[in-house]
Amino acid sequence: MDAFGTLVAGIAALNVCGLFVSTFAERRSSKAQTTSETDTTRTQAHTNSPAERLHFVRAWLRSPLTVAAIAPSSRALARLITSEISASTIPVIELGPGTGSFTRALLARGVEEKDLALVEFGKSFAYALSASFPKANTLCMDAAAINTVKLFDGRPAGAVVSGLPLLSMPKPQVEAILRAAFGKLTPTGAFYQFTYGPGCPVPRTVLDRVGLEAERIGGTFINIPPATVYRLRRVQLAA
Ligand SMILES: C[S@@+](CC[C@H](N)C(=O)[O-])C[C@H]1O[C@@H](n2cnc3c(N)ncnc32)[C@H](O)[C@@H]1O
């Protein structure tokens, strides 16, 4: 086996381990939350199914840089990234929903399917999303082009929740995505992004050029790998 084959096999093995560990972690977190929480998300709890995990791994094998994660996000991360979303932040745009971990958390927060636009580049993910969430508007396209489509009959969105792998994207692409997303938001709207990295996944130069401020809103170890969530807003609002 050559060096590339060894690398792919190694990452695939990590994926399989990740699936087992994340399933175990999600089950534990699910149990803990069921005994300690009373909010509406408890009744709508949903961990990633084995079929969704398999779908994720297959998509990753086909396109490792676009999927850029070893497993779907955990329920803990989905709860964290949607923690500031409520029925008053509708409509909501989700970028890179994959198998729908964050989509289900958004529904559990009181957002109705009809108030969701799901923007997903991967065809098989987009197909499965439109089957699972038939009343949501699923768009199979590049998130950087959302400024070219009309969403919610022209109403601006209250929030963007992003599962996009910004860390593995070149700066111009990150900037294009942020400009397109903020063009669809209300003046007070926020963009929520998770990252596996140590800091904000949007470089300072890009934040400055687009006129944004980033704030870390929390982190969780119950995810493979552990993740942090940032809120991006227009500079004048963050002051
Ligand atoms: C790290 S996965 C996250 C999936 C899901 N949100 C989760 O947390 O489990 C990244 C997702 O973003 C999608 N994606 C990557 N680049 C994209 C782009 N330019 N436009 C739209 N979706 C994209 C991938 O297909 C994949 O579903």
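**Group meeting: the sheet, helix α6 and the ligand shell**

Strands β6 and β7 (residues 227-234) pair in the antiparallel sense over eight bridges; strands here are DSSP E runs of at least two residues, helices are H or I runs of at least four, both numbered from the N terminus, and two strands pair if DSSP finds at least two bridges between them. Within this pairing, T220 stands opposite A227 of β7.

I should state that this is a predicted model, in which local features need pLDDT of at least 70 and side-chain atom pairs count only at pLDDT 80 or more, while totals for chains, interfaces and linings use all residues. Residues are numbered from 1 along each chain as its sequence is written.

The sheet as a whole is open and mixed, with its seven strands in the order β3-β2-β1-β4-β5-β7-β6. Its edge strands, each pairing on one side only, are β3 (137-140) and β6 (212-220).

Let me turn to α6. All eight of its eight residues are buried, so the helix is largely enclosed by the rest of the structure; buried means that 20 or more other C-beta atoms, placed from the backbone, lie within 10 Å of the residue's own. Among them are F102, R104 and L107. After α6 comes G110, with a positive phi near 105°.

Finally, the ligand. Its shell holds 23 residues, the closest being S73, G96, G98, F121 and G163; a shell residue has its C-beta atom, placed from the backbone, within 6 Å of the molecule. At least two shell residues come from each of α4 (64-67), α6 (101-108) and β2 (116-120).

Definitions and conventions:
Buried ≥ 20, exposed ≤ 12 C-beta atoms within 10 Å, placed from the backbone.
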